[in-house]
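I opened this notebook to look up how aromatic rings pair in the structure, and where their residues sit. The entries follow in the order of the look-ups.

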Amino acid sequence: MTTRLRVLDDGAWISVNDDRKVRVSELWRLDAPDLCECALTDLVVENFQSVGADGSTVEVQVYGQCIACGEKGTTGWIPVGRVRGGEFAELDRSAVRRVRR
Amino acid sequence: MPTDVENWKSEVYGNEIRDRLFEFAEAGFDSIPDDERDAWFERFKWWGLYHQRNGQEGYFMMRIGTPNGVLEPGQLRVVGEIADEYARGPGVNPIFGDVYADFTTRQSIQLHWIELSDVPAIFEKLEENGLSTQQACGDSWRNIVGNPVAGKDGQEVIDAWPVIRDLNERFKGDDDHANLPRKWKVSVTGSADGSGQGDINDLAFEPAYKAVTGGNGGDGDESEDAVGFNVRVGGGLSRNEPRLARDIDVWVPPERVPDVAGGLSALFRDYGDREDRYNARVKFLVDEWGADEVRETLQEEYVDFELESAGRDVREEYTYNAGEGERNDLIGVHDQKDGTNFVGLNVLVGRMGADDVLELADLADEYGSGEVRLSQRQNVIVTDVPDAALDEFLDEPLLEHYSSEPSPFMRGSVACTGTEFCSLSIVETKNRQVRFARWLKANVDLPADVDEFHIHLSGCTASCAQPQIADVSLRGMKTRKDGDPVEALDVGLGGGLGENPQFARWVTQRVPVDEVPGAIANLIESFAAEREEGESFRAFVARHDDEELDAFVDPEETDYEDPMMHNTKRTWYPYAEEDSMEDAPLTPADD
């Protein structure tokens, strides 16, 4: 089954199968040493740049800012959820997310 | 590879969307196929309909494009009636009530909670009365902006209103210009105050004099000063990439404006980036090419006459949003050419209850010609008020709230839509800016000779509130306070247009929203204490470095309380009693 993944409305949303699923303005804890030097990046998600899939895992690249150190930039691929049986389930927002290397 | 949006546009776009929109309206929201919703919501924008954010599924923001902000006699009443009948939804705003109209920074009108099934009836009423939502959003010619009192302003160099009306008629619905790589924002200004804000538009026509042979109807032998427009291209504020429009060294007489405007629109259509929407605006093409190449390409490929070089502009007279000098806005009583007056009224953050819209329409009829105009500072202007009717008009009770002499903090407030309805915003904006303005009015004194102080609050980097050209620029952010995530604002200072426009410098980052009023109070206290005699705030900012300014900002808790510190985006509607996404209303039933 094909899953339709899109960045919509100037990067405000990730749409999964024409349904708005992941939004900007959240704070994500990231293990993203390429973005900033904080032990864990505390990223405010300002814009989605791109969306893709690694198997059943939906991944995004986002523009944002670490609110601990102020560093800004675009991340590598970060998991945001999984598609199982055609249904999208968002990852727990409080979980630490790791940039795929 | 073309984007999904480009693929959808290549299948159906422009005028042809309307028939399908009406079919969906007739058959009901659920008739939009599940696997085509993204595509149709993107296309509906071209007809001024923007799907509201999640939690508000099936409700739309409707934007009515009013060229140059001109509402002819009777049109404001129509807007008020449509709002009253159709712009009510399940959410009630604690400050503005259950039905209102928003006046935008591009002289348009936005209504919320519109249901798809009502769209045909709304369009019919709008069009019967000369109004339209066509191309109010989407990738094409947007509402054309300018000095809202064009044709009436006593300070006018050239009447731009016929030019704007002509451009609007030509390029609204023109299939050749209907599908551009991205939005196309045009400003045409004829006044010497800079109130068209051309510098922050994709394409700007600004008043300028040019010595031309046989100018102004001469018999061709001698050189005369003709009045026309200089052309600038590639301004805009969005995405952390603000640009001032670049001078392409072209002067154009009024009758040639459509040729040059159409040529540049076609150039953008053909050369703009359709593979990356983040790089699609013409400002990035101008970055890549430079102004000279834009001019050369326009000359060689898009116009069939010799372009004139730029004429003598009047930019040294620009005061609108300039942070100093007279007439930073159009509030108050001003002379018209014909001896009557236009009266600018302050509409705090651009939002006016539907009852007030209808009452203002009555007052405009009673005291003026019935015409009302909208400014880029989200305010309204009642035109054609004779001297004899002025005092009585100014005494009307409605003008206690929509004042012609407001407090500087009320007058200077501009705010975008924010998380109440917008997908992209990070924070609550309109109600917050109202709370800020009220607190500042009650608690802070500006120096006696400072009667304007502009504070613009934008929920994100899209910059719909034009934050970079304010005295104090506020932009949505997040931070942690006592470990908890809270809404926050970045603070920028010293922006403004004028002869030498300058974007704000972002000096203080991530101030928790409840500390922002205290920060502004401390900033103004330092300004009052340390300014040189008669010094404007903008000049004060200009002579300090970022570190000094950051110290002046000094965030502080005060008795200001902010009820929207939490993540307002996680609510279906921030002001609902039961506000969680689980409590979101169902998609509106079709009736």
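I looked up the burial of B:Trp184 in this predicted model. B:Trp184 has a relative accessibility of 0%, so I entered this residue as buried, the cut-off being under 20%.

I then searched the whole structure for aromatic pairs and noted 33 over all chains. Among them is the pair of B:Trp184 and B:Phe268, which is stacked, at 5.3 Å centre to centre and with 20° between the planes. I placed B:Trp184 in the loop between α6 (161-171) and β6 (186-188) of chain B, and B:Phe268 in helix α7 (residues 257-271) of that chain; the pair therefore ties together parts that are 84 residues apart in sequence. For B:Phe268 I recorded a relative accessible area of 0%, so this residue is buried.

Next I turned to B:Tyr271 and B:Trp289, an aromatic pair that is edge-to-face, with 4.9 Å centre to centre and 70° between the planes. B:Tyr271 belongs to helix α7 and B:Trp289 to helix α8 (residues 282-289), both of chain B, and I noted that this pair links distant parts of the chain, 18 residues apart. I entered B:Tyr271 as partly exposed at 34% relative accessibility, and B:Trp289 as buried at 16%.

I also looked for a cluster of rings and found one formed by B:Phe24, B:Phe29, B:Trp40, B:Phe41, B:Phe44 and B:Phe60.

Last, I checked for charges over rings. The charged end of B:Arg256 sits over the ring of B:Phe305, 3.9 Å from its centre. Over the ring of B:Trp161 I found the charged end of B:Arg373, 6.0 Å from the ring centre.

Technical notes: Residues numbered from 1 in each chain as written. Chains lettered and ligands numbered in written order. Predicted model: local features only at pLDDT ≥ 70, side-chain atom pairs only at ≥ 80, totals over all residues. Heavy atoms only, no water. Phe/Tyr/Trp six-rings, centres within 6.5 Å; stacked < 30°, edge-to-face > 60°. Helix = DSSP H or I, 4+ residues; strand = E, 2+ residues; numbered from the N terminus. Buried < 20%, exposed > 50% of the residue type's maximum accessible area, 1.4 Å probe, protein only. Lys NZ or Arg CZ within 6 Å of the ring centre and 35° of its normal.
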